[in-house]
Amino acid sequence: MNKTILKGFIGTYTNTDSRGIYNFEFDCENKVFKTHALAYEIEKPSYLAVDKENNILYSVSKDNDLGGVTSFKIKENLSLEKINSVLETENPPCYINFSNKQGLIFTANYHHNKINVYPIEDGHRIGKPIKTLTHTNNTPHIHYANLDLDENFLLTVDLGQDYINLYEIKENDFIEREDLRVKFSKGCGPRHLAFHPNGKFIYVLTELSSEIASFQYNKGYLKLINILSTLPNKYTGVKSGAAIHIHPNGKFIYTSDRGNNSIACFKIDNATGSLSLVEHKPTFGSCPRDFAISEDGKYILITNQDSSSLVIFEISEDTGRLINHVGSIEVPSPVCIKLI
């Protein structure tokens with residue numbers, strides 16, 4: 001689909017100048033931002049999810065000493081109308097996603113070592129948690145929770161204990177499968193993962209070692225293909241992997257690194273799932289926390305948290321390279337970006 005206007009929302013940290021969730025529109029023909037504004041004032045909406053119909057936005061959120069999740073109706077002018085919040089006396093989660101098919105929302109809480117499962121009621125409201133899953137041992141920091149493409153397994157990523165946990169979904173229950181657990185090298189800190197559109201491969205980004213691990217995937221079983229650095233060979237600075245996303249054409253995968261302030265692009269071998277480096281590209285800002293790729297695969301939009309900027313590049317559909325910097329705007333402390 002070729003969209004002439006890109007629209008979306010940005011989640012932020014609100015401990016500086018930010019006031020909540022921001023919206024934006026980018027005119028692809030004229031290469032200019034039409035609008036960007038505060039969509040809703042709310043505390044610490046650091047991660048977002050949007051439903052498949054682009055009608056509802058879900059956000060992690062905070063209200064004084066309470067943390068949890070909030071749902072919003074997306075209005076035509078890109079403002080947000082609050083539907084409801086479900087909050088507990090704790091720090092808010094760091095990640096949120098959902099399943100239309102299952103009618104469930106999943107959050108990962110880095111600070112409190114748990115995944116909450118919430119029902120979606122009446123198509124848009126968030127209900128009270130129906131399930132809480134926790135990782136064991138002394139140093140858990142759960143950073144991600146999402147279903148596989150067939151929605152038979154919930155995969156959770158533990159940055160503190162360096163593993164991926166899998167829960168098999170049976171009769172509305174989540175059964176931990178320790179036999180399927182994938183362990184990483186101690187201290188590498190797996191953070192987020194991405195499924196290839198064909199469902200056969202999974203790619204995991206580590207935060208503390210800035211590496212990307214490629215796996216074959218089959219009904220909960222993961223088999224390692226290879227592990228590559230996401231940084232240039234001569235780089236000796238801080239390592240801080242952040243986001244990982246696959247191009248809509250399935251040919252390329254991208255990662256961001258907050259130490260090197262760069263986007264790495266890798267070409268995917270669609271037969272084997274293995275990766276080969278294409279390039280490293282500076283993000284024209286500091287601390288690229290997240291990024292999104294347009295549905296037509298022509299643009300990548302990057303949120304630079306510490307320099308408070310949203311930056312847009314064109315993508316070469318043939319090579320995957322970021323070829324032109326076509327726009328930037330100021331957004332305070334941007335963390336997460338979702339296109340609609």
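**Strand β14, its hairpins and the enclosed spaces**

Phe153, Leu155 and Val157 point to one side of strand β14, and Leu154, Thr156 and Asp158 point to the other. All of these residues are buried. In a regular strand, side chains alternate between the two faces of the sheet. The structure is a predicted model. In this model β14 spans residues 153-158 and is mostly covered, with six of its six residues buried.

β14 pairs with strand β13, which covers residues 142-147. The two strands run antiparallel and are joined by five bridges. Within this pairing, tyrosine 144 has valine 157 of β14 as its bridge partner. That valine belongs to the set that also holds Phe153 and Leu155 on one side of the strand. β13 and β14 make up a hairpin, with five residues between them. In the turn, glutamate 151 has a positive phi of about 60°.

β14 also pairs with strand β15, residues 163-170. This pairing is antiparallel too, and six bridges hold the register. Here phenylalanine 153 stands opposite glutamate 168 of β15. β14 and β15 form a hairpin with four residues between the strands. Aspartate 162 of this hairpin takes a positive phi near 60°.

Pockets were examined next. The largest has a volume of about 1,500 Å³. Its lining comprises 44 residues. Lys52, Asn97, His245, Ile246 and Lys338 lie nearest the centre of this pocket. Seven strands are named as giving two or more residues to the lining: β4 (48-50), β8 (95-99), β13, β18 (190-195), β22 (241-246), β26 (288-293) and β30 (334-339). β13, the hairpin partner of β14, is thus among the contributors to the largest pocket. The largest share comes from β8, which gives five residues. By class, the lining holds 25 nonpolar, nine polar and 10 charged residues.

The second largest pocket encloses about 370 Å³ of space. It is lined by 20 residues, and Tyr13, Cys94, Tyr110, His143 and Arg289 are the closest to its centre. Strands β18, β22 and β26 each give two or more residues to this lining. These strands also give two or more residues to the lining of the largest pocket. In the second largest pocket, β22 supplies the largest share, three residues. The lining divides into nine nonpolar, five polar and six charged residues.

A search of the whole structure finds one cavity of 30 Å³ or more. About 40 Å³ of space lies within the largest cavity. Gly67, Gly68, Glu88, Glu90, Pro93, Thr107, Asn109, Lys114, Ile115, Asn116 and Tyr118 line this cavity. At least two lining residues come from each of β6 (66-74), β9 (104-109) and β10 (114-121). β10 provides the largest share, four residues. By class, the cavity lining has three nonpolar, five polar and three charged residues.

How values were computed:
Residues are numbered from 1 along each chain as its sequence is written. This is a predicted model: local features need pLDDT of at least 70, side-chain atom pairs count only at pLDDT 80 or more; totals for chains, interfaces and linings use all residues. Side-chain values use heavy atoms; hydrogens and water are left out. Buried means under 20% relative accessible area, exposed over 50%, partly exposed in between (1.4 Å probe, protein chains only). Two strands pair if DSSP finds at least two bridges between them. On a 1 Å grid over the protein atoms alone, a cavity is a set of points where a 1.4 Å probe fits but cannot get out, and a pocket is an open set with protein on both sides within 12 Å along at least five of seven lines; lining residues have an atom within 4 Å of a point. Grid points are joined across faces, edges and corners, and a volume is the space filled by probe spheres set on the points. Ala, Val, Leu, Ile, Met, Phe, Trp, Tyr, Cys and Pro count as nonpolar, Asp, Glu, Lys and Arg as charged, and the others, Gly among them, as polar.
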